[in-house]
Amino acid sequence: MRQYLITGIMALAALSSMPAHAAEKVTITLEPSDSAPVIAKEIYGQFTEHLGSCIYGGIWVGEDSPIPNTNGYRNDVLQAIRDLKVPLMRWPGGCFADEYHWMDGVGPKENRPRMVNTNWGGTVEDNSFGTHEFMNLCEMLDVEPYISGNVGSGTVEELAKWVEYMTAEDGPQAKLRKENGREKPWKLKYLGIGNETWGCGGNMTPEYYSNIFRQYSTYCRNFNGNQLYKIGSGADAYNYEWTDVCMKNAGKMMDGISLHYYCVDDWDHKGSSREFDTDDHYWLMGKAYDIDTLISRHSQIMDRYDPQKRVGLLVDEWGTWWDVEPGTNPGHLYQQNTMRDALVAAISLNVFNSHADRVRMANIAQFANVLQAMLLTKDDKMVLTPTYYVFKSYIPHQDAKLIPLKVDSEIITVRKGRQVPVVTATASEKDGVTTISMVNISLDKAVDVDIDLAGIKASKVSGEIITSKDIHDYNDFGQEEKVTLRPFDGAKVKNGRLTLSLPAKSVVTLSLTK
């Protein structure tokens with residue numbers, strides 16, 4: 001089900017130039033439906049890979065660190081996770097997952113073997129953060145763990161034993177877990193069987209991977225009432241053949257299939273996170289919105305084999321990917337995060353919500369210090385990024401009932417012929433509160449928004465806004481935050497309609513109550 005239908009004027013701007021003007025008036029019509037799906041909270045999931053300083057220095061500093069910590073986890077990061085109400089974390093990769101052997105990361109830390117992270121900068125990995133450290137973190141914070149299993153360089157036996165180690169109450173692997181200090185099994189729902197098996201996870205064909213999935217799925221068993229949700233390694237962006245073959249050959253054994261999408265067109269020249277022009281900005285907005293096309297087309301393929309929509313489409317890697325910051329390790333993927341990235345996050349979340357009947361999970365890449373991160377750390381300091389604040393403002397949509405809507409917005413044509421509406425939106429209802437989030441991608445034009453509430457009773461409205469003076473603004477160490485959540489009081493509700501002026505380059509979330 002599509003959440004919104006874009007109509008309105010088509011701006012025929014040249015593909016390589018900025019739009020001549022932005023929309024000045026937008027109409028949004030809410031269309032509540034009893035059959036609308038619930039927006040799975042897992043759409044707001046996070047991705048934590050052994051890459052750069054995402055884990056080491058980002059989340060984990062060890063018990064002996066002078067940085068304030070609880071059992072080795074940074075206290076400031078623990079609080080940031082709680083404040084964000086993170087529902088789920090994916091670990092240990094990414095490409096790292098298919099070279100990770102779980103036995104190296106259990107037992108006394110002084111006995112754990114070291115390894116070279118060949119995917120990400122040749123960094124030496126000491127395996128001090130392993131299964132116990134990850135699963136205990138999730139348990140402590142009430143975060144659902146998502147384990148990405150090694151198919152590329154592992155074996156069926158290895159992954160089967162890992163599942164047994166984590167979830168069985170008795171048996172040889174449970175005995176080993178108890179010897180390593182954990183008496184009770186953990187609960188594990190989400191299990192990824194391989195990652196990017198079309199690339200770094202083995203360079204497989206979809207036919208070959210489908211058979212591999214069937215084999216691995218057979219031996220990854222449910223112990224003691226623990227029910228695994230088995231996830232197939234799905235397509236890279238526009239590879240629709242991959243989805244077709246996997247759904248045809250293995251879809252009946254899958255609970256979910258992944259989709260990876262990064263806002264990159266030229267992998268050799270990805271561009272800078274902080275230095276970009278107007279044309280670059282609007283190109284990125286079009287690239288971000290294109291995820292709507294991908295989800296629609298992959299969903300149509302899935303519908304042929306799964307018309308009941310039993311199998312979830314999981315966008316378990318997504319976000320912006322820029323050239324690394326100057327002077328940093330190219331293999332550590334450390335990048336800054338500007339107001340432009342915040343707009344990408346909001347557009348993407350709006351799209352995911354709109355496809356809540358099929359999209360059951362999404363994991364932005366990545367949580368700390370890597371790609372489009374929620375936060376950056378340096379020694380004992382931490383910075384919250386513009387993207388963090390988008391996720392915080394969207395918390396009310398987690399596990400809320402989708403309210404379908406239509407947006408009548410100007411559509412602009414950007415570089416490479418992509419089209420993107422100036423305004424996108426999402427709406428939901430939970431516990432008597434209606435939440436509406438809107439994005440205005442225009443760099444210089446506010447938009448007057450008129451929302452038809454379609455009979456939803458509301459007399460009070462409160463709001464929050466994320467914006468900045470300059471689209472290039474970002475938050476940095478030792479400086480006052482330039483991009484953060486601030487109160488927004490510019491909305492009025494009267495006679496069943498909600499009106500506001502939506503500032504340029506902004507994300508606004510409104511809460512309506514009776």
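## Leu159, a residue on the inside

In this predicted model, L159 has a relative accessible area of 2%. Buried means under 20%, so L159 counts as buried. You can find L159 in helix 3, which covers residues 156-167.

Which residues does L159 touch, once its neighbours within four places in sequence are left aside? They are G149, L191, Y216 and C220. Take L191 as an example: L159 and L191 are 32 residues apart along the chain, and their C-alpha atoms are separated by 10.0 Å.

## The nonpolar cores

Let's move on to the cores. In soluble globular proteins, nonpolar side chains tend to be buried together. Here, the largest nonpolar core has 139 residues. The residues with the most contacts inside this core are I28, L30, F352, F367, M438, I451 and L500. Helix 9, residues 339-354, gives the most to this core, with 10 residues. Apart from the largest core lies another one, of 12 residues, including F47, L51, Y262 and L371.

F367 is a good residue to click on. Not counting neighbours within four places in sequence, F367 is in contact with Q46, F47, T48, C54, I59, V77, I81, V86, M89, A373, M374 and L375.

## Rings that pair up

How many aromatic pairs are there? The count comes to 22. One of them joins W91 and F129. Their ring centres are 6.1 Å apart and their planes meet at 70°. Planes over 60 degrees apart count as edge-to-face, so this pair is edge-to-face. W91 lies in strand 7 (residues 88-91), while F129 sits in the loop between strand 9 (123-125) and helix 2, so the pair ties together parts that are 38 residues apart in sequence. Both W91 and F129 are buried.

F96 and Y100 form another pair. Their ring centres are 5.5 Å apart and their planes are at 35°, so this pair is tilted. F96 is buried, with a relative accessible area of 1%, and Y100 counts as buried at 1% relative accessibility. Ring pairs also link these residues into a cluster: W60, Y73, W91, F96, Y100, W102, F129, F134, W162 and Y165.

## His132 and its contacts

Is H132 buried or exposed? With 8% relative accessibility, H132 counts as buried, because the cut-off for buried is under 20%. H132 is found in helix 2.

Leaving out residues up to four places away in sequence, H132 touches Y73, V106, Y165, R177, N180, R182 and W186. Two of these names, Y73 and Y165, may look familiar from the ring cluster.

## The largest pocket

Now for the empty space. Rolling a probe the size of a water molecule over the atoms shows where empty space is left. The largest pocket has a volume of about 480 Å³. It is lined by 27 residues, and the closest to its centre are C138, E139, D142, V143 and E144.

Which element gives the most to the lining of the largest pocket? Helix 2 does, with 4 residues. Helix 1 (75-84), helix 2 (131-141) and strand 10 (144-149) each supply at least two lining residues. By kind, the lining residues divide into 12 nonpolar, 4 polar and 11 charged.

How values were computed: Residues numbered from 1 in each chain as written. Predicted model: local features only at pLDDT ≥ 70, side-chain atom pairs only at ≥ 80, totals over all residues. Heavy atoms only, no water. Buried < 20%, exposed > 50% of the residue type's maximum accessible area, 1.4 Å probe, protein only. Contact = heavy atoms within 4.5 Å. 1 Å grid on protein atoms, 1.4 Å probe; cavity = no way out; pocket = protein on both sides within 12 Å on 5 of 7 lines; lining within 4 Å. Points joined across faces, edges and corners; volume = space filled by probe spheres on them. Nonpolar A, V, L, I, M, F, W, Y, C, P; charged D, E, K, R; others polar. Core = buried A, V, L, I, M, F, W, Y, C linked by side-chain atoms within 4.5 Å. Phe/Tyr/Trp six-rings, centres within 6.5 Å; stacked < 30°, edge-to-face > 60°.
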